[in-house]
Amino acid sequence: MMTNDKRYGTVVRSTGGAYVVRTDTGDYIECKLRGKMRLSKTSTTNPVAVGDRVQIDTDDGQTHAIVEVVDRRNCIVRRSTNLSKQAHVIAANIDQALLVATLAHPETSTVFIDRFLVSAEAFGVRTIIAFNKTDLYDDETQRELEELESLYTKIGYKTVRLSATKREGIDTLSEILKGKTTVISGNSGVGKSTIINALEPNLNLRTDEISVQNDTGKHTTTFATMHPLSIGGDIIDTPGVRGFGIFDIPHSEVAHYFTEFFNRLSECRYPNCTHTHEPGCAVRMAVEEGEIAVSRYNSYLNILDEDKDEKYRQGYGLRR
């Protein structure tokens with residue numbers, strides 16, 4: 001029988017059916033979900049996520065159970081699989097997201113970047129874009145990097161250049177992360193664990209080499225884990241993903257999360273303009289005049305069309 005030894009804490013590790021909770025007194029406790037929570041109806045594959053504030057109960061000082069999840073202030077969510085009606089919560093109650101992208105070894109697509117940004121905007125999470133492995137870029141890739149930095153800073157996103165293996169940009173990144181809870185995400189192989197190791201060498205997270213055959217990364221992080229930062233705050237390491245499926249955003253609202261689209265919505269001839277075919281569309285006119293990047297508009301169309309042919313899994317290829 002459960003006791004009244006109820007405490008609150010934050011979930012710092014999720015391994016499917018088992019969790020580690022850091023209590024408000026600083027203890028780390030392994031927990032399971034109470035039975036009725038496991039059976040409760042939910043639209044997510046993981047009813048409890050890293051970053052969740054939870055209440056735990058203890059049975060005779062030995063068995064610990066999560067009995068309640070405090071309402072989240074925000075979260076990062078993606079569709080679990082194509083055509084699925086369920087979502088996977090990547091992390092909850094975060095101050096910001098760090099999206100790691102690489103323009104080589106492997107190449108992150110603008111479609112992936114934009115899908116992540118849209119989802120983060122929809123769920124109220126500020127995103128910083130970190131371009132990693134800059135030491136591997138040739139002259140052409142450096143020019144492409146400058147173009148992407150200009151594109152995303154122009155529409156309001158902060159960007160940072162990193163070479164985690166050489167510790168370039170790590171001090172700048174430290175200032176951005178200091179005192180905040182940050183979730184780090186991106187494709188497999190972009191160097192998330194290497195970045196965390198550069199920030200906190202004592203963690204010594206496992207990293208792997210990129211596959212020479214197909215220039216893609218391996219999943220070195222299997223489960224989401226929150227690590228405390230010595231500079232203050234926490235960073236949540238997450239498994240790499242191939243594609244980023246949008247969840248619970250009606251097609252009529254997708255344009256609201258493209259900042260440069262949203263600023264022109266009132267200029268469209270029709271209030272319910274989908275920005276795909278209607279005459280007098282201010283968004284399409286801005287694309288034609290070069291005021292909105294073609295890559296951003298293509299990402300918008302890709303999201304609208306994501307239920308067909310696994311569109312959201314088209315994860316790589318900036319130049320396609």
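Which residue of E13 stands opposite Ile184? In this predicted model, the partner of Ile184 is Asp237 in E13. Strand E11 (residues 180-185) and strand E13 (residues 233-237) run parallel and are joined by 5 bridges. Strand E8 (residues 96-101) also pairs with E11. Those two strands run parallel, with 4 bridges between them. Here Gln96 stands opposite Thr182 in E11. Of the 6 residues of E11, 5 are buried, so the strand is largely enclosed by the rest of the structure.

Nonpolar packing was examined next. In soluble globular proteins, nonpolar side chains tend to be buried together. The largest nonpolar core in the model has 43 residues. Val11, Ile66, Ile76, Tyr152 and Val183 have the most contacts inside it. Helix H2 (residues 110-122) supplies the largest share of this core, 5 residues. Another core lies apart from it and has 20 residues. Its members include Ile128, Val160, Ile170 and Ile176.

Ile76 illustrates the contacts made across the sequence. Neighbours within four places in sequence are left aside. Ile76 is then in contact with His88, Val89, Ile90, Ala91 and Ile94, among others. Further contacts of Ile76 include Phe116, Ala120, Val125, Val183 and Phe244.

Asn204 belongs to a loop. This loop lies between helix H5 (192-199) and strand E12 (225-228). Asn204 has a relative accessible area of 64%; the cut-off for exposed is over 50%, so Asn204 is exposed. Asn204 and Ser193 are 11 residues apart in sequence. Their C-alpha atoms are 8.8 Å apart in space.

Terms used:
Residues are numbered from 1 along each chain as its sequence is written. This is a predicted model: local features need pLDDT of at least 70, side-chain atom pairs count only at pLDDT 80 or more; totals for chains, interfaces and linings use all residues. Side-chain values use heavy atoms; hydrogens and water are left out. A nonpolar core is a set of buried Ala, Val, Leu, Ile, Met, Phe, Trp, Tyr and Cys residues joined through side-chain atoms within 4.5 Å. Buried means under 20% relative accessible area, exposed over 50%, partly exposed in between (1.4 Å probe, protein chains only). Contact means heavy atoms within 4.5 Å. Two strands pair if DSSP finds at least two bridges between them.
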